[in-house]
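Q: Please take a close look at the nonpolar core of this model, and then follow the helices that pack in and around that region.

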Amino acid sequence: MLDGVRSGAAAATASAGSMVSRDWTQKYGLLILAVLLLLVLPLSLGVFRLGLAAKYLSLAFCAVGIVLIWGYGGILSLGQGVFFGLGSYMMAMFLKLESTSADSSAQALSSFFGSNLPDFMVWNSVEMLPWWWEPFHSVWFTLPAILLLPPLLAFMLAYANFRKRVGGVYFSIITLSLSAIMSIVIIGQQGVTGGVNGINDFRTFLGINLDTDEAKRGMYFITCGLLLLCVAAGSFILRSRLGKVLVAIRDREDRVRFSGYDPALFKAFIFAVAALFSSIGGAMFTVQVGLASPSLVGIQPSVEMVIYAAVGGRLSLIGAVYGAVLVGSAKTFFSENFVQYWLYFVGGLFIFVVMLLPDGLAGLLGRVRARLAVKRAPTSAPTQPERPIGETGIAK
Amino acid sequence: MSELILSVEDLTVSFDGFKAVDGLNFYVEKDELRCVIGPNGAGKTTLLDMICGKTKPSAGAVRFKNYNLLNMIEYQITRVGVGRKFQTPSVYEDLTVFENLEISDPRKRGILGSLFFKREQDLLGKIDQVAAQIFLAEVLRHKAGRLSHGQKQWLEIGMLLMQDPELLLLDEPVAGMSAREREQTAELLNRISKGRSIVVIEHDMAFVRLIAHKVTVLHQGKLLAEGSMDQVQSDERVIDVYLGH
């Protein structure tokens with residue numbers, strides 16, 4: 001009996017050290033990604049292609065968030081475009097006001113309108129800057145707003161629903177409707193949102209000309225830095241006690257209440273984190289692509305973000321980045337060459353991944369690794385093809 | 001009479017007009033191990049559901065120590081010291097046995113607390129101790145989904161022990177267990193009943209005899225009989241509706 005207790009103690013201590021079996025792809029995954037993003041891509045791509053990569057990487061923020069909420073929280077959100085859009089539009093409002101105040105023709109008109117009006121407002125006969133545009137003159141309002149507002153909204157929305165035990169497919173439908181509503185509102189309120197054209201034609205950010213190659217490279221590196229930070233933050237969350245509770249909630253939410261946790265709070269928290277990531281991605285997208293558009297907040301982009309995560313592997317934060325870049329590149333390739341087939345391709349890809357690779361590329365890598373391990377050590381104990389932490393199966 | 005820890009009074013719940021529990025009075029004392037028996041549909045599981053907050057009663061009162069449990073929701077009831085084990089073992093299959101026990105520990109159940117939680121030595125000791133008690137010390141690193149049915153039952157009991165509850169509600173803890181496992185579980189329950197109260201729902205009369213201090217018999221949502229095992233087994237009404245002649 002005593003022996004049993006003692007070996008139990010040893011096992012516990014050992015398992016406390018590394019709760020999840022981590023091999024080199026998991027240990028060095030972030031490092032490999034960093035080398036690829038910070039060295040290989042900038043050295044091998046021209047400014048134009050690097051700009052495209054930056055665009056996909058901005059969308060990868062959403063995919064990383066989706067891994068957290070969908071893969072680990074069991075919340076399938078079809079509305080991450082909303083939070084991407086909020087970040088994107090807030091950044092666009094700031095950039096537009098800065099560009100407008102430096103624009104001589106707008107200055108000429110300012111005696112009419114009392115202040116410099118963005119060009120699209122003038123075209124739409126809007127004669128006064130709406131009050132909610134005013135704070136976006138200040139970068140010290142804009143940047144904190146990008147970091148705080150979307151997560152706050154996400155938290156309130158999610159907590160209100162989850163507290164009332166609205167979840168699963170119903171919550172997915174709510175997020176889907178939200179992204180539809182947001183794009184409809186933006187298109188409908190053309191005078192103050194830029195409508196279907198979006199907000200574009202920015203020149204500077206805090207006086208820095210955005211069109212130079214140096215600025216573009218600089219922004220690329222900032223995007224990569226922030227993205228790596230988000231991946232690192234995500235994996236910190238998943239390794240924490242909160243991450244374990246999250247997995248428990250995904251698999252048995254009802255039981256978690258009887259372990260003394262409030263599942264609604266945890267789900268709302270992780271949903272807010274995903275919203276934060278999406279918002280940062282949206283802001284970086286707008287600075288680099290020079291555009292905030294309703295075509296990036298609606299249903300289609302929101303669903304595409306889920307596909308990025310599914311292709312990369314919905315249990316792998318790092319996989320989500322590869323998923324976003326690969327699917328994004330494929331999208332560019334197809335839309336450059338066979339425009340009308342793009343949507344069929346996306347649909348086919350999604351079906352293929354869901355049916356044959358439920359854990360995406362990361363899952364494929366795991367399977368190959370497990371097979372190699374068995375080959376290398378055929379006599380040792382049967383190796384469990386352990387996925388990072390997770391079960392297969394779509395949206396529970 | 002020693003101190004009451006749980007008092008259930010005039011408890012009634014009806015589902016679409018069917019009264020699953022009907023004007024039931026039920027009292028549990030400190031340090032008592034109570035068994036609840038009765039035929040299918042007698043309202044045993046529903047009674048536990050109402051104590052732990054899973055089901056809201058239509059009428060009546062449930063008091064645990066000084067708390068009115070009817071004003072509280074599940075996780076609050078858990079936090080004041082009521083632990084519930086479900087009929088089908090409910091463990092977190094994708095987590096290891098260690099992790100299952102760890103997240104059941106009552107410290108740091110908030111967002112920030114659990115995000116920045118640092119595992120301390122005393123927690124490791126507690127997990128080892130509980131794991132040894134529930135016969136799972138050897139499989140701490142296994143995913144809970146790989147355990148046998150009986151081991152899952154033990155793990156769920158262990159998860160409750162981690163919560164340090166003063167009242168344990170166990171719904172059929174030996175269902176699906178081998179004879180040997182049943183014996184071990186009886187020992188386990190007798191051991192852990194020191195210093196806390198336990199309510200066990202069970203059909204296995206031999207098992208009930210091994211552990212019960214007192215037995216309550218429910219029938220059609222009402223109290224049919226209550227007393228020692230011998231009293232209950234010789235009660236004519238109990239023999240009629242449940243034990244058989």
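A: In this predicted model, the largest nonpolar core has 172 residues, and those with the most contacts inside it are A60(A), A63(A), V64(A), I66(A), Y308(A) and A320(A). The element that gives the most to this core is α13(A), with 17 residues. As a general background, nonpolar side chains in soluble globular proteins tend to be buried together.

Helix α13 of chain A covers residues 263-289, and because each residue should add 1.5 Å, its 27 residues are expected to span 39 Å; the C-alpha atoms at its ends are 38 Å apart, which agrees with that expectation. Most of α13(A) is covered, since 25 of its 27 residues count as buried under the cut-off of 20 or more other C-beta atoms within 10 Å. Just after α13(A) comes G290(A), which takes a positive phi of about 75 degrees.

A320(A), one of the core residues with the most contacts, offers a useful place from which to look outward. Once its neighbours within four places in sequence are left aside, A320(A) is in contact with A60(A), A63(A), V64(A), I66(A) and V67(A), and also with Y308(A), A309(A) and G312(A).

The pairing of helix α4 (residues 47-72) with helix α15 (residues 317-337), both of chain A, takes in several of these residues; the two pack at an angle of about 135 degrees, with their axes 8 Å apart. That angle makes α4(A) oblique to α15(A), because it falls outside the ranges that count as roughly parallel, roughly antiparallel or roughly perpendicular. On the side of α4(A), the residues making the contact include L52(A), Y56(A), A60(A), A63(A), V64(A), I66(A) and V67(A), while α15(A) contributes, among others, L317(A), A320(A), V321(A), A324(A) and G328(A). The crossing in which α4(A) passes α15(A) is right-handed.

A second pair in chain A is formed by helix α14 (residues 299-312) and helix α17 (residues 360-376), which pack at an angle of about 5 degrees with their axes 3 Å apart. That makes α14(A) roughly parallel to α17(A), because the angle is under 35 degrees. Here A310(A), V311(A) and G312(A) of α14(A) meet G360(A), L361(A) and A362(A) of α17(A).

A third pair in chain A brings together helix α5 (residues 80-101) and helix α8 (residues 139-163), at an angle of about 165 degrees and with axes 10 Å apart. The two helices α5(A) and α8(A) are therefore roughly antiparallel to each other. Their contact is made by F83(A), L86(A), G87(A), M90(A), M91(A) and F94(A) of α5(A), together with V139(A), T142(A), A145(A), I146(A), L149(A), P150(A) and A154(A) of α8(A). The crossing of α5(A) and α8(A) is right-handed.

Burial can also be followed in a loop of chain A, where L117(A) lies between α6 (104-113) and α7 (119-123). L117(A) is buried, because 22 other C-beta atoms lie within 10 Å. Its C-alpha atom is separated by 6.4 Å from that of L129(A), twelve residues apart along the chain.

As a setting for these details, chain A comes to 17 helices and four strands, and buried residues make up 46% of its 396 residues. Of the contacts in chain A with a separation of 6 or more, 79% are between residues 24 or more positions apart.

Technical notes. Residues are numbered from 1 along each chain as its sequence is written. Chains are lettered from A and ligands numbered from 1 in the order in which they are written. This is a predicted model: local features need pLDDT of at least 70, side-chain atom pairs count only at pLDDT 80 or more; totals for chains, interfaces and linings use all residues. The expected span of a helix is 1.5 Å times one less than its number of residues. A residue is buried if 20 or more other C-beta atoms lie within 10 Å of its own, exposed if 12 or fewer, and partly exposed in between; C-beta atoms are placed from the backbone. A nonpolar core is a set of buried Ala, Val, Leu, Ile, Met, Phe, Trp, Tyr and Cys residues joined through C-beta atoms within 7 Å. Two residues are in contact if their C-beta atoms, placed from the backbone, lie within 7 Å. Axes are lines fitted to C-alpha atoms, for helices over the stretch in contact, and angles run from 0 to 180 degrees between N-to-C directions. Angles under 35 degrees count as roughly parallel, over 145 as roughly antiparallel, 65 to 115 as roughly perpendicular and the rest as oblique. A crossing is left-handed if the near helix is turned anticlockwise from the far one by less than a right angle, and right-handed if clockwise.
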